[in-house]
Each structure stands twice: as structure tokens, then as C-alpha cells.
Amino acid sequence: MRNFEYHNPTRLVFGKGEIARLTQLAPRDKKIMITFGGGSVRRNGVYEQVKQALAGFDTVEFWGIEPNPSVETVRKAVAMGREHGVGFLLAVGGGSVLDGTKLIASALATPEVDPWQIVLKGKADAALPYASVMTLPATGSEMNNGAVISRHETQEKYPFYTSYPQFSILDPQVTFTLPPEQIANGLTDVYAHILEQYMTTPGQSRLMDRWAEGMLMELIELAPKIRVNPHDYDLMADFMLVAAMALNDMIRMGVTEDWATHMIGHELTALHGIAHGASLAIVFPATLRVLREQKRGKLLQYAERVWKITQGSEEDRVEEAIVRTEEFFRSLGQKTRLSEVGIGDETIERIATRFNEAHVAYGEAHNVTGDVARKILLAAR
């Protein structure tokens, strides 16, 4: 196991009716900017709960943070925040609203720097305090310091890192109004987050492996039940908690990580507007196929422990594990091939060129260059 430090300062407030706790958790001595997406929080009752809890607080609202939040929208929010002297931010919505809010908080703390420069640098030097009320299990942004931001002007999408949320409130009841495609994308995203930290090098940490495998098996068990009954509180509670635990630094202690699939998926989203989870369902099986020799040891472990595949040659078991992974994504209603979403060789070459020109090398072995990304995307056709 590698050396590591672990510190997660986010206070997780979980359960029915916990949005009312905002009254105790939010600061009364600061102007609070509440950030929202497109309005679903009005329909599911979350907006009224938040407003009731913050009655008497000094607040201002910013609406319109879109899926795959853009720096163009963030700049508007930053201008409003400066105008009103905002000192605290509360993101109310899904991971995109929170990701956008992370950049708003960072930009407000560094007024001399354009928000996009923070993204390009990869980390913020400072940030205003912020928190979240989450309505969609998926990104895990509620309990980590990462965010992903797009720039529409140049069709780019990159991650950056800042401070952690002070607290995040998760009430599984608010997920009951989510449409099936958002639930499917959320399940896909969470599953991929776990694989990015697990599907690397065997023998690094028995504990990290077991935690990750347990989460993967829980998602496999949960998914068909949630599709039948998305209003089951206990099912959605487990889903919401797995989403937070999958990307709160817990299962990556002392182990190598991949993230090549995510970086390729970000390109598909930036160029074609594909939902993040949907992009991962297309890219991940192809990544496993192209890098199967590099990941052979972990694929065999994954096959046996997660999918209970114990018969056949090593090659057969590796192939079956990859097939089962793709079938799992398809069982959620996802497409798993570029041709199914109308993406052809022109986009593949554009992504390969972008990676090569940026001299990037992703993955646990730092070998997913533009040329390897091309192979992965070709395998996903």
C-alpha cells in the first residue's frame, strides 16, 4: 500500500426531513447565495423546504446552472456574488449545480483571476465556504473537493480541485421524482467511479478492494430493484449513500487510480453534449477491452468476487467480466456503442489529436495517450 493522507471535513447529514437542519447549519452572519439548476427543485418540493429553513437569513438566488456546468454561466453567478457581497454558498440540486458552485466559491475568493484560469490550473488557491442540499445521487461531489467544468466557447471540459463542502444534506425522499434516465446515469456514474479506483493494480490493499467490491455488488443488486420501485425509501437511501461513499476518498487510500475513461468521456460530453453517465457506459467496456492485459489481474479478481465467474480459462473469465459489465450498463437502459449515439471516426480523431497535442497520459500506468484513446474509442464503435 502506498503512503497517503486522509481527511474529509464534510459533515454528512443524511435522512428524512434533514433539509430543515439548514436552520442550524447555515451561517447567519453571512450573505448566502443559493444556487439552483433549471427548476426541478420547485416541482419536487425541495425549494420550499430550503426557503422555509432559511427564512430570516440574508439570501440571494442564482438560477440556471446547467448539466455539465459551463464557465460562461459561472461568470454570471460570480458577478452577482460580488455585487451582493456573498460570503457563503449553498448548492441545491444535483452534482452539476454543486460543481458549478465550487467554481463560483473559488472565483469569489480570488477576484483577480478569471474562473477558467482556475480550471486550467487544476486547483483553486482559495474558496468561500459552501455546502449542498443534494437531489440526485451520482457524482459524489457532495463529499469531495473535485468538480468538472465545461467551456462552450471552445468545447472543452476539465476537472479542478478546491475546498470540501462544509456540510451536505442528503434526503433520499427528494429522489422520488427523478426521471428514469437520470437514475440510470447516476447508477452508471457511481459504478464507474468505483471501477476507476479499483480496476488498476492487484495486491495493493485488501481493505480497499473489499470496500470497492462490496459497493459494486450493492449497485448490481440495487439497480433492477430501483427500476421497478424508484419510490422505495430504503433502496434510494442505499443508492444515495453509495454515491457519496464512492468518491469521498475512502476507497482510494494507498492505491493507484485510473480515470482515463472519465477523461475520454468528458471529451464526448464537451463535443456532443452526451450526458456524463451515458458517456461512461460507452467508454468503460472499451477501456477494459483495450487495456485487458494491463488490467488482467484485477479483471480476474473482479470476475470472481463481483460476478462470481470461476469457470473457464483466464481469457474466458476476463472476457466474461467485460461482457457482464457492458450488459449491466445496458440493463440500466444505456447505450454502449458510439454508433448508437451517432458518433463516428471524425470525433475519434479529434479526441486523439486533442490528447496528443496536450501531451497527456492518463491511467494508473500513465499510458493512455491520444493514440491509446483512439484505440479505446475505436473499440467502442
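A residue counts as buried under 20% relative accessible area and as exposed over 50%, with partly exposed in between. R337, at 24% relative accessibility, therefore falls in the partly exposed class. The model described here is a predicted one, and that cut-off comes back several times below.

R337 makes a good place to start on the charged pairs. Its partner in a salt bridge is E326, with 3.2 Å between the closest N and O atoms. The two sit in distant parts of the chain, 11 residues apart: R337 belongs to the loop between helix 13 and helix 14 (345–358), while E326 is part of helix 13. E326 has a relative accessible area of 9%, so this residue is buried. The R337–E326 pair thus joins a partly exposed arginine to a buried glutamate.

In total, the structure contains 28 salt bridges. In general terms, side chains of opposite charge can pair when their charged atoms come close. One of the bridges here runs between K295 and D258, whose closest N and O atoms are 2.7 Å apart. K295 is in the loop between helix 11 and helix 12 (296–305), and D258 is in the loop between helix 9 (233–246) and helix 10 (260–272), so this bridge ties together parts 37 residues apart in sequence. Neither end is out in the open: K295 and D258 are both buried.

Right next door in sequence, R296 has a salt bridge of its own, to E315, with an N to O distance of 2.6 Å. Here the link goes from helix to helix: R296 lies in helix 12 and E315 in helix 13 (residues 314–331), so parts 19 residues apart in sequence are tied together. On accessibility the two ends part ways. R296 comes in at 18% and so counts as buried, whereas E315, at 35%, counts as partly exposed. Nor does this pair stand alone, since salt bridges with shared partners join R292, E293, R296, E314, E315 and E319 into one network.

Turning to helix packing, helix 7 (residues 180–198) and helix 11 (residues 276–290) have axes that come within 8 Å and cross at roughly 50°. That angle makes helix 7 oblique to helix 11. As for handedness, the crossing of these two helices is left-handed. Helix 7 brings N185, T188, D189, A192, L195 and E196 to the contact, and helix 11 brings H276, G277, A278, L280, A281 and F284. Sorted by character, the residues of this contact come out as six nonpolar, four polar and two charged.

Two of those helix 11 residues, A278 and A281, turn up again around K335, a residue of the loop between helix 13 and helix 14. Setting aside neighbours within four places in sequence, K335 is in contact with A278, A281, I282, R330, E340 and V341. K335 and A275 are 60 residues apart in sequence, yet their C-alpha atoms are 11 Å apart in space. With a relative accessible area of 40%, K335 is partly exposed.

E213, found in helix 8 (residues 206–228), gives another picture. Its relative accessible area is 1%, so E213 is buried. Beyond neighbours within four places in sequence, E213 is in contact with Y198, Q301, R305 and V306. Among these, Y198 belongs to helix 7, and Q301 and R305 fall within helix 12.

Key. Residues are numbered from 1 along each chain as its sequence is written. This is a predicted model: local features need pLDDT of at least 70, side-chain atom pairs count only at pLDDT 80 or more; totals for chains, interfaces and linings use all residues. Side-chain values use heavy atoms; hydrogens and water are left out. Axes are lines fitted to C-alpha atoms, for helices over the stretch in contact, and angles run from 0 to 180 degrees between N-to-C directions. Helices (H or I, at least four residues) and strands (E, at least two) are DSSP runs, numbered from the N terminus. Angles under 35 degrees count as roughly parallel, over 145 as roughly antiparallel, 65 to 115 as roughly perpendicular and the rest as oblique. A crossing is left-handed if the near helix is turned anticlockwise from the far one by less than a right angle, and right-handed if clockwise. Contact means heavy atoms within 4.5 Å. Ala, Val, Leu, Ile, Met, Phe, Trp, Tyr, Cys and Pro count as nonpolar, Asp, Glu, Lys and Arg as charged, and the others, Gly among them, as polar. A salt bridge is a side-chain nitrogen of Lys or Arg within 4 Å of a carboxyl oxygen of Asp or Glu. Buried means under 20% relative accessible area, exposed over 50%, partly exposed in between (1.4 Å probe, protein chains only).
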